[in-house]
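Me: I would like to go through this model with you and ask how its labels are earned. Could you set each value against its definition?

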Amino acid sequence: MKLDVDGLSVLFPYEYIYPEQFSYMLELKKSLDAKGHCVLEMPSGTGKTISLLSLIVSYMKYNPATVGKLIYCSRTLPEIEKVLAELKNLMKYYDRVAKEPHKIVGLALSSRKNLCIHPTVSKEKDGKIVDGRCHSLTASYIRARHLNDQSIPICNFYDSFDLDGREFPLQPGIYNLDDLKKLGQDMGWCPYFLARQAVVHANIVVYSYHYLLDPKIAQIVSKEISKNTVVVFDEAHNIDNVCIDSMSVRINRRVLDKCSTNLQVLEKTIDKAKEQDTKKLKEEYYRLVEGLKDATVARETDIVLANPILPDEILQEAIPGSIRNAEHFVFFLKKLVEYLKMRLRVQHVVQESPAGFLKDIYGKICIDRKPLRFCAERLSCLIKTLEIPDISDLSPLVLMSHFATLISTYTKGFTVIIEPFDEKSPTVSNPILHLACLDSSIAIKPVFDRFQTVVITSGTLSPLDMYPKILDFHPTLMSSFTMTLARQCLLPMIVSKGNDQVAISSKYETREDIAVIRNYGSLLIEMASIVPDGMVCFFTSYLYMDNVVASWYDQGIIDQLLKYKLLFIETQDSAETSLALFSYIKACENGRGAVLLSVARGKVSEGVDFDHHLGRAVLMFGIPYVYTQSKILRARLEYLRDQFQIKENDFLTFDAMRHAAQCVGRVIRGKTDYGIMVFADKRFSRTEKKGKLPKWIQEHLRGSFCNLSVEEATQIAKKWLKQMAQPFSRDDQLGVSLLTLEQLQNEDFQKKIFSRAQQL
């Protein structure tokens with residue numbers, strides 16, 4: 001259908017549209033017109049992706065000077081593939097309506113591991129090994145040696161791309177990862193480097209968050225993208241954690257021991273280079289005197305390591321004299337490794353600021369701040385000069401160089417924490433040094449500054465006003481959309497007590513209480529006896545889940561549960577979890593029914609959709625607060641309080657509630673779907689907790705559904721499931737939750753839609 005969105009003609013590839021999709025497009029257009037950033041929350045399963053793509057593609061078509069490109073960032077590979085499938089569908093519709101082929105180039109970019117077609121390298125499972133082997137076959141000096149000695153292996157796919165592929169831009173079309181690999185096979189070109197080159201010219205690029213938020217990758221992949229680009233971060237409820245992880249470094253004894261081994265290899269390689277070709281090392285020295293700008297002029301395949309920070313000024317400076325000479329630099333790194341080993345000899349937790357750490361390192365081994373700042377860049381130059389073919393073994397040394405560069409560059413927003421043991425095993429001595437980023441705005445600031453519109457969107461962003469604070473930006477608008485339903489297809493309930501009237505809660509004081517665990521068990525059995533097909537349960541942690549399940553075995557609850565459904569459990573091992581998930585789906589498909597026990601913040605809570613019969617009920621056992629004794633978390637909470645005036649309790653509740661909403665949101669994946677959401681903890685009844693749930697869940701959480709006992713919840717669910725079992729077709733939705741073009745153009749509907757977005 002052809003829509004008129006506030007004066008913009010938008011092609012939408014379906015015959016029907018949800019009212020909230022139209023509202024979403026209206027808000028998005030306002031943000032594009034204002035050339036500002038926005039935060040938009042839209043319910044799960046209401047067509048957020050196609051709404052974004054339809055509007056932005058039309059905007060690009062009619063305003064090419066204002067918006068020239070779309071960068072769509074998603075978290076996981078299946079989500080990236082989903083976006084490209086929607087985009088392909090949209091472009092087919094454009095071809096049908098326009099009766100001529102479109103001229104848009106859209107593609108996905110992923111790691112070498114997912115795009116490699118080399119017969120032996122592509123068989124490797126580990127991404128770092130694939131990167132290292134790829135580099136050892138494509139580096140310019142390897143290929144130069146191959147010209148003189150044909151026995152030296154190179155990658156023919158890259159060689160062929162380098163000779164012919166650069167001259168041929170990608171033909172208009174939408175290319176997912178399989179399409180790129182097929183094109184690579186047909187043409188004999190490397191799909192990874194083909195995609196890397198195409199990113200600059202393509203109209204739409206879909207890739208992972210890290211390609212923009214992690215400076216080490218962004219510098220290589222995304223540096224040439226123009227300012228008039230719209231950036232979309234989809235499923236962005238965890239974006240602050242992604243930013244923090246991309247700037248944090250963790251070093252233990254094992255890493256430092258490997259660094260020592262790496263340095264011995266570097267020493268031998270330098271000695272060998274001095275014997276064979278001293279000219280190379282001298283040339284490198286003079287280039288470094290001139291400044292880093294010239295030193296980093298290199299071929300794309302030689303870009304081995306990127307800088308973990310983004311300041312351009314650093315490239316204008318000359319490298320400090322103390323580390324220009326290759327041997328001096330290796331000696332400098334050895335001193336640094338020994339210093340870090342010495343710092344790891346601790347009996348208790350040590351916390352200090354980067355400034356304090358730099359003062360200590362200067363006092364103990366006379367290492368100044370400036371050479372530390374250039375550490376990552378200098379190591380990169382040395383590896384290029386020495387022409388080391390496989391750099392995957394050098395990753396510990398690279399990690400340490402990133403640590404040195406980060407700690408000497410940022411004085412604010414970071415802290416150094418040295419712990420004598422890992423939190424997971426407090427009895428085993430395993431000292432760890434954390435350089436923890438506390439400010440998520442550091443990584444995302446260049447994105448907000450560089451691009452004219454950044455859209456942060458997800459189904460669970462409430463409360464919206466927290467994101468501008470923690471990411472430190474000023475959105476032009478923030479909107480949360482409700483869900484229009486022809487029947488009440490979601491049933492949220494808060495169960496706060498058992499049938500014995502004992503309050504249920506996962507809080508620390510009561511989590512060992514047998515009565516609470518028994519009540520959780522009886523809730524699970526009662527629900528399993530009435531809910532058809534699949535049920536998913538989320539616990540607050542793996543430890544809590546293990547304790548509860550062990551107790552259920554002793555109480556005979558597991559045996560009772562197996563009368564109704566099969567039981568599968570998520571573990572910390574990803575292969576085991578994948579198998580459990582596969583078996584769970586199989587049990588739901590063949591009608592036996594199953595229960596899956598999982599953990600909030602685990603694999604299942606983030607990336608898996610339990611649509612239709614795969615998830616008819618979700619039980620959230622407790623409020624998933626993050627482990628509050630963590631030293632890194634405590635440091636972050638202090639920083640948020642001092643810098644952004646965010647109270648400790650406000651942030652912890654916000655974080656717990658967004659994860660709870662993410663877990664229960666797995667059950668509804670569309671308006672024809674239906675599911676029960678059970679919040680099993682008396683604390684959910686409190687206004688400050690309930691008020692932080694997304695609007696589309698809150699509006700269905702009536703007062704009579706709060707503070708229930710297990711028996712009351714079971715009776716409500718039973719009655720509701722009978723209603724859901726009645727026939728329900730598209731015709732029942734028409735005119736209410738699903739609109740035709742004529743209905744959409746009706747004035748009354750237009751007024752309703754304009755008032756639907758709840759602007760903050």
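**Labels and their reasons**

Me: Why is S551 called buried?
Reply: Buried means under 20% relative accessible area, exposed means over 50%, and partly exposed lies in between (1.4 Å probe, protein chains only). S551 has 11% relative accessibility, so it counts as buried. S551 sits in helix α25 (residues 542-555), and it touches I514 and I517, leaving out residues up to four places away in sequence. Contact here means heavy atoms within 4.5 Å.

Me: Good. What should I keep in mind about the model itself?
Reply: This is a predicted model, in which local features need pLDDT of at least 70 and side-chain atom pairs count only at pLDDT 80 or more, while totals for chains, interfaces and linings use all residues. Residues are numbered from 1 along each chain as its sequence is written, and side-chain values use heavy atoms, with hydrogens and water left out.

Me: How do you know that the span of α30 agrees with its number of residues?
Reply: Helices (H or I, at least four residues) and strands (E, at least two) are DSSP runs, numbered from the N terminus. The expected span of a helix is 1.5 Å times one less than its number of residues. For the 17 residues of α30 (residues 648-664) this gives 24 Å, and the end C-alpha atoms are 25 Å apart, which agrees.

Me: What makes α30 largely enclosed by the rest of the structure?
Reply: Of its 17 residues, 14 are buried, so the description fits α30. Helix α12 (residues 239-247) is also largely enclosed, because seven of its nine residues are buried. Those buried residues of α12 are I239, D240, V242, C243, I244, S246 and M247.

Me: What makes a set of residues a nonpolar core?
Reply: The residues must be buried Ala, Val, Leu, Ile, Met, Phe, Trp, Tyr or Cys, joined through side-chain atoms within 4.5 Å. The largest such core has 174 residues, and L3, Y207, F233, I239 and M400 have the most contacts inside it. Helix α17 (residues 326-343) gives the most to this core, with nine residues. Another core, of 83 residues, lies apart from it and includes Y544 and F684.

Me: How do you know that β9 and β12 pair?
Reply: Pairing needs at least two bridges found by DSSP between two strands. β9 and β12 (residues 432-437) have four, in the antiparallel sense. One of the residue pairs is R250 with H434 in β12. The open sheet runs β9-β12-β11-β10, with β9 (249-252) and β10 (350-352) as its edge strands, each pairing on one side only.
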